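Have a look at this model before reading on. We'll start with the overall fold, then move in to the ligand and finish at a pocket.

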Amino acid sequence: MVSAPETPRFAGKVALITGGASGIGRATAELLAREGARVVIADRCREEGNALGSRLRRDHGDALFIETDVTCPDSIEAMVTRTLREHGRIDCAVNNAGLSETPIDLTDATPQHWTRLMSVNLRGVFLSMQHEIQAMLESGGAIVNVSSRTGLVGKPRHAIYTAGKHGVLGLTRSAAVDYARHGIRVNAVCPGLVRTPFVERKLGDRLGELAATMNPMGRIGEPEEIAECIAWLCSDAASFVTGIALPVDGGAVA
Ligand SMILES: NC(=O)c1ccc[n+]([C@@H]2O[C@H](COP(=O)([O-])OP(=O)(O)OC[C@H]3O[C@@H](n4cnc5c(N)ncnc54)[C@H](O)[C@@H]3O)[C@@H](O)[C@H]2O)c1
């Protein structure tokens, strides 16, 4: 067993993470599990999700993988129902599952492009939040949505991705306002360029060159650096914080 901190921040808490099998989601699952959470990894990728679930169970004692497709309402409902059946509650939910976009001019993008991206990046977050909030209405909780730097500013040739990530901030702020009195905090992180399979697939050899010019720090972010901010927003240390969109981008938006 890997040794845990003396008073784990998330001891006894149940944390659900969509897209938890890879990249930022995986780093978040690892961090929350290390800090005592009973982690539920929801992802459409069965092999990686099962492998991570087994490793976290071995190292930290409690973790569950639920095969989930956030484009499918029934699958999201099943994800939350199963989490409640196994653990009886959801304290933290991280809506992170997302797809990237191949650069394309807005005028060339098709309705199919729109549907493919929005069904994961915006509708998936919307549907997940509906079920998570329902589960948190009695006991309260914290939701963190993973938007993007592109949720705050435009990005050339990424109109649909940009619209989706802006939309995630709209959902975040609306839900923060609507559910604050239920003890539910809803925040978002807005990562800049982060070294994950998502980005490595997209940028390949151009990654190093781009990273040097993307932000004032002149480097790419690591998934663990985003996970730390997500964990803070989920934690009681952020008890008076709701409705924010936190850039985690090496100063790119600044
Ligand atoms: N990496 C970056 O530079 C960066 C920057 C800003 C925002 N983001 C956002 O961070 C989030 C995570 O991205 P990442 O870089 O870790 O990517 P990643 O590809 O490493 O991980 C994404 C995960 O989401 C899962 N997923 C995709 N579609 C799904 C679906 N329909 N149902 C369930 N799971 C699904 C994938 O299987 C994968 O495990 C995304 O929302 C992305 O838009 C990433």
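What follows is a short walk through the chain, its ligand and one of its pockets.

Keep in mind that this is a predicted model. The protein chain is built from nine helices and seven strands. If you lay the C-alpha trace along its principal axes, the span comes to about 45 × 35 × 35 Å. Does that go with a compact or an extended chain? For 254 residues, a compact globule would have a radius of gyration near 18 Å, and the protein chain comes in at 17 Å, so the two agree.

Now zoom in on the ligand. There are 29 residues around it, and the ones that come nearest are Ser-22, Asp-43, Tyr-161, Val-194 and Thr-196. Val-194 also turns up in a polar pairing: a polar backbone atom of Val-194 sits 2.8 Å from an oxygen atom of the ligand. Arg-201 uses its side chain instead, with an N or O atom there lying 3.2 Å from a ligand oxygen. On the nitrogen side, a ligand nitrogen atom is 3.5 Å from a backbone N or O atom of Thr-68. How much of the ligand does the protein cover? On its own the ligand has 830 Å² of accessible area, and the protein covers 96% of it.

Which elements build that shell? Those giving two or more residues are α1 (23-34), α6 (159-179) and α7 (197-203). The biggest giver is α7, with four residues. Sorted by class, the shell around the ligand holds 13 nonpolar, 11 polar and five charged residues.

Last stop: the second largest pocket, with a volume of about 240 Å³. Its lining is made of 19 residues, and those nearest the centre are Gly-141, Ala-142, Gly-183, Arg-185 and Asp-236. Strands come into play here, as β5 (141-146) and β6 (184-191) each supply at least two residues of the lining. What is the mix of classes in this pocket's lining? It has seven nonpolar and seven polar residues, along with five charged ones.

Definitions and conventions
Residues numbered from 1 in each chain as written. Predicted model: local features only at pLDDT ≥ 70, side-chain atom pairs only at ≥ 80, totals over all residues. Heavy atoms only, no water. 1 Å grid on protein atoms, 1.4 Å probe; cavity = no way out; pocket = protein on both sides within 12 Å on 5 of 7 lines; lining within 4 Å. Points joined across faces, edges and corners; volume = space filled by probe spheres on them. Nonpolar A, V, L, I, M, F, W, Y, C, P; charged D, E, K, R; others polar. Near = heavy atom within 4 Å. Polar contact = N/O pair within 3.5 Å; in protein donor to acceptor, adjacent residues only side chain to side chain. Areas by Shrake-Rupley, 256 points an atom, 1.4 Å probe, with all protein chains shown as cover. Rg over C-alpha atoms; globule rule 2.2 N^0.38 Å.
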